[in-house]
Every structure is written in structure tokens, then in C-alpha cells.
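Colleague: Could you take me through this structure feature by feature, giving the general idea before the particular case?

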Amino acid sequence: MIFLNVDNPSWMITPIIVPLTAGLLCFLFQRKTFAIALSAVLVNLLAACFLIGQLLTCGPMRYSMGGWQAPLGITLRTDGPAVLMLLMTGVTGFAITLYARGYFSFRIDDPGGTDRHQQQQRYFWPLWLLLLAGLNGLFLSNDIFNLYITLEIIGISAASLAALSGKPAARLASFRYLLSSLLGSLTFLLGIVFLYKSCGLLDLDLLRNLTENGPGVRAALALMSVGLLLKTALVPMHFWLPPAHANALAPVSAILSALVIKGSFYLLFRLWFEVFASSITTEALNVMGGLGAGAILWGAIQAMRQHRLKLMVAYSTVSQLGYLFVAFPLSRAADNAQVWSIVIFMAMAHACAKSAMFMSAGTIFLHFGHDRIQDLTGVRASLPITVLAYGIAGVTLMGLPPSGAFIAKWLLLSWALASCQWWWVLVIIAGSAMAMIYVFRVISRFIVIPEGFSSQKLEFHSRLLEWPALALALISLLLGLVAPWLLHILAKGSIDLTQILPGGLP
Amino acid sequence: MNWEQLLLVSILLSSLIPGIIIFGLPEERHRLRTILNLCGAVVKISLIVIMDIGIYLGHTFEIRMPLIPGVELLLNGDPLSALFATLSSVLWLLTTIYAVGYLEDSPNRSHFFGYFSLCVTVTIGIALAGNLVTFLLFYEMLTLTTYPLVIHRGTDKSLRAGRNYLIYAFSGGAVFLIAVIWLQNVVGPVDFSATGFSPGFTDSHGTVLALIFVLLILGIGVKAALVPLHGWLPQAMVAPAPVSALLHAVAVVKAGAFGIVRIVLDVYGAQNLLLLGVLPLLGGIATITILYGSLRALQQDNLKRLLAFSTISQVSYIALGMSLVDQPLAVIGGLVHLVHQGLMKITLFFCAGNLAETLGIHHISKMNGVARRMPLTMAAFTIGALGMIGIPPTVGFVSKWYLGLGSLAAGNWWLLGILAISSLLNGCYFLPILIRAWFGKQQESWPEELYVGRFETRLMLLLPPLITAFTVMAAGAVANAQISPLAWVRFIVREYGL
């Protein structure tokens, strides 16, 4: 069986096909949605691990769907960053799936509104699996039109998920989200048109070796970047994010904050640092860094001012995204692999920590019926594991050792100091200090039990609501300790074209 | 993994595992919690003693764990870490006994003792850290694990104190982080070693390295409570007495002082610092802190606040000793004070806690004649206070003697004067308390007398201060013996080849 060989590149369609099929099956078998979804995310996680193993043994691979070679056909490929993003999605997705199960059964057990919650759950599973397939497709695709399609799948399923809670605020927020997301995709599509017009190629590897650097390519890159920035919610294009993330159901918030924005960021980063690296000017990098710095500060200031827990966590996402962009201007002082490592560490740590934080916030919301920060004194007495998860995730957001975010910040600071760009140092430190304030403003309330405090006895209690969040928080905290492995995987870098296309470039 | 590495890991685990189990224990499992705590503490002490012997016999205890190129975690047991680890683990055992007695019947004990164990794990981590990155890791964790203890009471006042503590500690941590990264950019990864980095860098990057030294001291000075970075410490007094004892004598302030020692001796090294000419700066800050702490202590009526200012003053003796790094006698005085100050200060805090817990006395003005009601507690307090003043044969005398000899050898007459003034000031604020307690007449009934029993207070509250007070006397009297803090410090100084 040639197909089952370990070094067969066609394995890399598994993380796309399996969630997609499972999503369709969820529509067909509405009784067994959780079982289908759980097995799909499990297979997805295993596939991610398998692809990592394959990458380590056989090196990066390309796979042409249907046997059609580029530039005609559509290609997928694996390399270090892609498989790490797959792993991030796999792990976070698995935990979120378990949490979503606990979340919906808690809501359904809740007397009153049972129908509504069952309805929500019915739509949640297929949409989530569709989104997962889209994300995996985004990480693996090597064709820019194919990437556009995955962006659309992600955008539409994410906006629908955000609308699930059905409350007016959520509907409005998700509508805005949908419009921004569509606008972003259309701008991206326009960029593709320019690109195809000026070079006639869509395959990323082929584009990369293109020497042409005319106005067409630049315009295309500018348009695609703006579209992706809108989807990534970089300040000042972040307006849609906080309401959409804060008003969604908790598992949805976790998905949106942890995974969806990482998808468009990943694509943007890949375009800037691999495909069009030669067209990028220092000024452009500095602009991105400046916007990133703005995001760090503005997001953190807003997060400190919020009175509602979920809004605070959403603004913290705006802030944390900024660190990813501050890596841009420092790329001139470091080589590509090092910038990749900053971005990957930051993205993975943030994905785990932020989903853990949204899950904790959701659990607290479920049990107390509100998330007003000032009324959340003594939550620890009722939900100790949740508070622990929240605290550990907060430590990661602050970038304290040994979290993955610490590694990323260490590298950022190190290069900022080495290249004498001390203003980035100030921004990063200020961002971390503000993160400390907004994290501890909440934690100090949670853990304090004043004298004479009577803890609320909770009727329902589900382990699935607490432990996945704690597991993710611990992963984010201990990510720094496995840094050598991640770097090892990352170092299996990008494809050497001469290996893949023995006949040379077309 | 050889037995040395296994030993290092089990030293850390011996308090981490009980801590994690205790978090999960229901509130009412009082006995099991106490047994876990005490077993952990005893096991830890035995393991550390084995490590001490191993270090003395010349074994290397080292675990390396690379993270990213240039950044690795390194646990390393050297004579200096043995000093701090032994001190922390012994005092942790006593503080645990004390805390069990102190918190009897109070709520949230699982939470308290869980963080208590984590805190000591982290402190031992600081002791064993073998490079700046590892030190930084445990240093930040120390803030995280002590914060819940500081705000344990949950009052507005304690929350405010906790907030200030966090802001101070993390700002210090951020400055420290920048300094560490910068240093690493200039001289490459440095492990703690007896000589510091290569003197070649001092010639080529003199100004930058001097600046980094200042940043490092600023960053670490927050925890060591150097003036003007000391603001959090007097406020943190709202924490329960065992926590204060832990903060002052074992963990936080001590970790800061230990960090200064590491930076001076192991990162920069005597030779580089003399070339850079930054030592007078450290000496100056230390002198100001010593005098300022004592002067502020004079004005206090709240006993615990007085002790806090006294800590600020006393811990700077360590920094002072380090600023005379070329004088072996001064280094001995500074290092041995790390242990001696811990013993004396923990005694004083235990006694202050006893007064507050048994009689409800928080203020010095209420202490008239208290020695007749609690003679043993006040005897221990007296020994601790006399030690702080530096009266022989207590350990305080030994520290000051060596510091004085060191400053004489350095030709620094004015430092000797500072030491004398400081002792005088110590006398000025401690002696009135002693006189009041022993010879004053009780004017009114005690504010809240909670306990009347066979002893003057609960046995678990009484024993720890008696043991530490006895040690304060004994370690001073037999300072020249084969096994004493002083002997070990001499061994350290020999290892450094000073």
C-alpha cells in the first residue's frame, strides 16, 4: 500500500478532510454531534503530531492535489511553522471541544431556555468543525487563491459562530464582524487579481522566486496586507473585535481569540517574510511595528478600564496581538528563522493562554450569571480550578518565565537592545506592566475571601468546564521549557525548491 | 541522571509536592495537612544537609536545561547556595510549626499553606539558581507565590498593600529583565562563577557594564528594600505574622540580598567591579539605607512596622559587606549576616506575633510590663533585640565585628563610624521596648487576651522563637566552631580565593 507509507505527502490532507467530513456528518446525525466532533478533533490532533513526525524524518513536503502540478494545480505543503500552527490548533481545538461539551450540557440542564440551548449546540458543532477545516487549510495551503477560499470559510463560519448566542448585542457585533471580515477578504481578493495580472502565478513557492518587483506586485501586496490586517484586528482596525469576542458564547470566544485571528496573521506573516520578502522596505516594517506598539498600549489601556471580565479579556487580545507585529521591524537585526521563532512562540502561548482565560471567564459567567469584575469577590471559594487556570493564563499574558510568551519577549528585547532600538524595549515593558495590572485587578478579587464571606453553593458542577482550561493554561506556562523541541521543528524550515521540482522552475 | 542531580530535583519537589497536595485538601483535614507540611520540611532539611556535605566534599551538583540558544536553566549547588538553602529550609520548618499554631481555627488554611509551600520551593530555587536567567525565573515566581500570602486577610488595607507590593516587585523585575538581557548581549551567557565574566569586557565596554550593574542593583534592590525602593515593605506588615517572618527572614528581602551577593561575587566578580569603580555607589546606597531604616524605626509605635524598618536597615549590612568585596573580612561579615539577620529577625517577628495573637498587643505603647505575663516570649525577644544591637555573644556581634574589621582593613574609617551610629540607633529603638516590657508597670488590662492556659501561649507559638533565640546565642558563642554559619562562610570565602 503505497498510500499508507509514512513518507507519503498525501497524509497532509487529513487535517483538512477529516474536520470537513465530520462537519457534514454533524448535520446528518444530530444526535451524535459530540461523538463525531470529539473523534474529529482527536484525529486532527493525531494528524498534527504525525505531520510533525513526518517533517522531522522526511523534511518539508509538497503535495499536489489531484496530481496536477503547479502552476496549474493546487498544492499543499508542510514546513516547520505550518506544522506548529497545526499543533497549536489541534491542542487548543481539542480542549475547546471538551469545554464546549461541558458548556452546552450545563446550559441545557439549566431549566428554562433548554430549546434555545439545544438549538445553539446543534449549529455550534458543524460550524466549529468547518472552521477547523478552514484553519488547517490555511496553514497548509501553498496557493494564494486557495488561501483566499480558506479565509472565506473561516470568516463566514466564525461570524456565524459569534452570532450563536442570539442576544441582540451578539447579533449586532457578529454582523459587524461579518462585514469587516468580508471587506478584508474582498480586499485580499483584489490583491490577488493584481498579482495574477502582473505575474500570472498563484503558487507561493513560485512567487517567492520571482525576481519581478514592479508596481503591480507592490499594489497587490498592499491590498492583501490591508485585508489581512483588518481580519487580524490590528489597531486601528480592531473596532470589531472586542464586542464580537466578548458577546459570543464562551467556547466561541475562545476559538475566535485563540485561533481565528492567528490564521490571518500567519498568512500575513508568511507573505511578508517568505513570499515577498524582497519587496518589503524598512519603512513598511517600521509602520507595522509602530501599529503593533500602538496595539500593545491601546489594548492594554482599554483592558485596564473595562468593568466586564469578557470585554477585558477581549481587549487583552488586541494588546497581545501587538507583540506579534513588533517583531516585524526587528527582523532587520535578526534572520528569518529567529523572527519566525518569536512569532510562533507568541502565537502558541497566546492561543493556549487566551482560550484558557475565555473558558474561565465563561465558567464564571455560567455559575454567577454575570461577569462584572467588581462583584466577583471570592470566586475561588466556589471555582478553585477555574481561578487557578485564569491566574496561570494571566502569568503567561504578562510574559513571565517560563511561559512561551517569555521566550518570545526575551528574543524581542534581546534584538531590540542589540540593534539599539530601545523604544521597543519601553513599549514591551510597558505592555507587560499593564498586563500585570489588568490581570491582577481581577485575580486579587477572585482569591480574596473577606471575613464573613459566605461562598455560593453551586448546584451544577462539571469537570469539563474546569479542567480543559487548566490544562491549556499549564501548557502555555510550560511552553518555554519545551522551547528546544519547538525550535528544532521550526528549524526544519521552508522548502528548498530544487528538491521538490527536480526539473527546476517552470 | 546521577544522584547529585536527583538530589537537586528532590530538594525542590520535597516542598512542591506537599504544596500541590495541600491545595487539593479540604479545609477540615487539619492533621493531614500539618503532617504533610512537617514531613516535607524535615525531608527538605535532610536532603539539603546531604547536599551541604556533598558540596564540602567537592561533589558537583548541576542540572542544565537549554531553552533557546544562549538561554538555559541551570540549577547548581555551590557553597553559597548551600548557605542560603540551609537557612531557608531550617527557618521554613520553624515558621511552618509557628504558622500551624498561629492560624489554628482560622479560615482558608489550605490556600495559605499551599502558597506557603510553593513559596519555599521558589526560595530554594533562588538559592540553587546557577545563572541569571534561572535566578530571574524564580525571582518572578517568588512575587507570584508571596502575593496571595500578603493579601491573605482580604481586608482593603491588605489589598492595597498587595497592590503596592506587586507594582514594586514587578517594576523591579522588569528592570532586572532588561539588565539581564543587556548583559547577555554584551558579555554572552554568564553562569555564576567565582570570578565573574572575563575582565577583557571591562576594558572594552566599561560604561555599559557599569550602567548594567546599576540596573541590576536597582532591579534587585526592590526586593532587598534598598532606599528609595523600600516603600512596599512597611505596608506589607498587614500580612499575618508567619508571612511577615517569611518575607523578612527567609524569602523575599533575603532573596533580594542574596541576589546582590550573586551579582557582586558571581556575575561581575571582585576584579571587574574594582575596575568599573561602581562599588562606592553600592556602599553609599547601603549606608543611606542603614541609617534611614534605623531613623524611621525610631519613630514607630506599631511593633511590626518598627521591625520592618529595622529589616530595611539590617539587610543593607549584607550590601555593605559586598561593597567592600576586595576585603575578605568584610565579605565574611556580609555573608554571615545573611544567616544571622534571618535568625534574629525571625525571632523578633515570632515574638511580635505572639504578643498580637495572645494579648492583642500591636503597639509598643501597650507593652508595659508584658514580660511578666509572657516571660519566655519576651526573653526570646530580648535576645533577638540585643543581637540586632550587636551585643556579644549574640550572632549580631559576630557580623558587625567582621564588617568593622573589613572596613578597617580597607582603610574606611567612616564606615566604622556608620556601624557605630547604626548600633547606637538600634539601641535607641530596641532598649526602650525592653525596658518597658521588663520594668514597666501594667496600666490597663491587655487589649484582647485570647489565651489562658498552661503556658503563656500555645506551645506551637512558643517553641519556634525559643529555638531561634537559642540559636542566636549559641551560633554567636560557638562561632569559631567547626560547624557554624561563620565556619561555612569562611569555607565559601576560601572557595572564592579571596
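What follows is a conversation about the two chains, their contact and some of their helices.

Modeller: Before we begin, note that this is a predicted model, in which local features need pLDDT of at least 70 and side-chain atom pairs count only at pLDDT 80 or more, while totals for chains, interfaces and linings use all residues. Residues are numbered from 1 along each chain as its sequence is written, and chains are lettered from A and ligands numbered from 1 in the order in which they are written.

Colleague: How many helices and strands are there in chain A?

Modeller: Helices (H or I, at least four residues) and strands (E, at least two) are DSSP runs, numbered from the N terminus. In chain A there are 20 helices and two strands, and the secondary structure of chain B likewise comes to 20 helices and two strands.

Colleague: What radius of gyration does chain A have, and what would a compact globule have?

Modeller: The radius is taken over C-alpha atoms, and the globule rule is 2.2 Å times the number of residues to the power 0.38. For the 506 residues of chain A the rule gives a value near 23 Å, and the chain has 22 Å, which agrees; chain B, with 498 residues, has 21 Å against a value near 23 Å, which also agrees. Along the principal axes, the C-alpha atoms of chain A fill a box of roughly 75 × 55 × 40 Å, and those of chain B a box of roughly 70 × 55 × 45 Å.

Colleague: What percentage of the residues of chain A count as buried?

Modeller: A residue is buried if 20 or more other C-beta atoms lie within 10 Å of its own, exposed if 12 or fewer, and partly exposed in between, with C-beta atoms placed from the backbone. By that criterion 59% of the 506 residues of chain A are buried, and in chain B 61% of 498. As a single case, Leu388(A), found in helix H15 (residues 384-398) of chain A, is buried because 20 other C-beta atoms lie within 10 Å.

Colleague: Which helices of chain A each supply at least two residues of the side that touches chain B?

Modeller: Two residues are in contact if their C-beta atoms, placed from the backbone, lie within 7 Å. On that basis 26 residues of chain A are in contact with 24 residues of chain B. Helices H16 (404-418), H17 (422-447) and H19 (483-490) of chain A each supply at least two residues of that side of chain A, and the largest share, eight residues, comes from H17(A). The residues of this side divide into 21 nonpolar, four polar and one charged, where Ala, Val, Leu, Ile, Met, Phe, Trp, Tyr, Cys and Pro count as nonpolar, Asp, Glu, Lys and Arg as charged, and the others, Gly among them, as polar.

Colleague: At what angle do helix H12 of chain A and H16(A) pack?

Modeller: Axes are lines fitted to C-alpha atoms, for helices over the stretch in contact, and angles run from 0 to 180 degrees between N-to-C directions. Helix H12 (residues 309-330) of chain A and H16(A) pack at about 30°, with their axes 10 Å apart. The contact is made by Tyr323(A), Val326(A), Ala327(A) and Leu330(A) of H12(A) with Ala408(A), Leu412(A), Trp415(A) and Ala416(A) of H16(A), and these residues divide into eight nonpolar, no polar and no charged.
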